[in-house]
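Dear colleague,

Please find the structure below, handed over for your consideration. My findings follow directly after it.

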Amino acid sequence: VLFDTAGSQVPWKSVLSSFVPAFTAEKAGTEFEDDFTSFLFYGANGVFPGFVARVKTGVNLDEIKTNLAALESSDLSKFYLESPGAFKTWKNGQLNGKPTRYAQGATAGASFNYILSGSSLVISTSFEGLKAVAPLLGL
């Protein structure tokens, strides 16, 4: 969990905009709730963080999908504990029949994955981590 100097959890809009400056805090604040969940996936190739953010009621999911494209042209290394190396080309994927977007990193186990399903955005820095958290979220 990420905390501010007062010991309170940092809002998702601040986390997302600090990791992806093209996704401004103002924009993220209109689309996502402040509260979010972070997780760590411990795998054979290391420890990989992930995040789950809730979409605000009434927000157009297609607009969020368009805005999430900012992730794909950003320096994603800030999401990782260890360098993921260079990323390959972004691809469409799926998890349990739901569409995902992903790019594999050069480091074993590292891949940046995101899925927008229902009212949740899930970001995982490892596909294995995404697969592990999916059943917990009903994905």
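A polar atom of the Thr125 side chain lies 2.7 Å from the backbone oxygen of Pro49. Please bear in mind that this is a predicted model. Thr125 is placed in the loop between strand E6 and helix H4, and it counts as buried because its relative accessible area is 0%, under the 20% cut-off. Beyond its neighbours within four places in sequence, Thr125 is in contact with Phe48, Pro49, Phe79, Tyr80, Gly109, Ala110, Ser111, Phe112 and Asn113.

One of these contacts, Phe79, deserves a description of its own. Phe79 belongs to the loop between helix H3 (61-67) and strand E3. With a relative accessible area of 2%, Phe79 is likewise buried. Setting aside residues up to four places away in sequence, Phe79 touches Phe19, Val20, Pro49, Phe51, Leu71, Phe112, Ile123 and Thr125. Pro49 and Phe112 thus appear among the contacts of Phe79 and also among those of Thr125. In addition, the C-alpha atom of Phe79 is separated by 8.1 Å from that of Gly50, a residue 29 places away along the chain.

I turn next to helix H4, which comprises residues 127-137. At its start, a side-chain oxygen of Ser126 comes to within 3.2 Å of the backbone nitrogen of Glu128. Within H4, the residues Gly129, Leu130, Val133 and Ala134 are buried. These four lie on the same side of H4, because the arc they cover around the axis is only 140°. Which strands help to cover the buried residues of H4? The cover includes E1 (32-43), E3 (91-95), E4 (98-104), E5 (111-117) and E6 (120-124). After the helix comes Gly138, which has a positive phi, near 75°.

Finally, there is a feature of the surface to report. Leu40, Tyr42 and Leu81 make a nonpolar surface patch of about 360 Å². Is Tyr42, a member of this patch, buried or exposed? Tyr42 is found in strand E1, and it counts as exposed because its relative accessibility is 59%, over the 50% cut-off. Strand E1 therefore holds an exposed member of the patch, Tyr42, and is also among the elements that cover the buried residues of H4.

Yours sincerely

Notes:
Residues are numbered from 1 along each chain as its sequence is written. This is a predicted model: local features need pLDDT of at least 70, side-chain atom pairs count only at pLDDT 80 or more; totals for chains, interfaces and linings use all residues. Side-chain values use heavy atoms; hydrogens and water are left out. Buried means under 20% relative accessible area, exposed over 50%, partly exposed in between (1.4 Å probe, protein chains only). Helices (H or I, at least four residues) and strands (E, at least two) are DSSP runs, numbered from the N terminus. The arc is that of the directions from the helix axis to the C-beta atoms. Contact means heavy atoms within 4.5 Å. A polar contact is a pair of N or O atoms within 3.5 Å; within protein, one must be able to donate a hydrogen and the other to accept it, and residues adjacent in sequence count only if both atoms are side-chain atoms. Patches are made of residues with over 30% relative accessible area and no salt bridge: like charges are joined within 9 Å, nonpolar side chains (Val, Leu, Ile, Met, Phe, Trp, Tyr) within 5 Å. Accessible areas come from the Shrake-Rupley method with a 1.4 Å probe; for residues, only the protein chains shown count as cover. A salt bridge is a side-chain nitrogen of Lys or Arg within 4 Å of a carboxyl oxygen of Asp or Glu.
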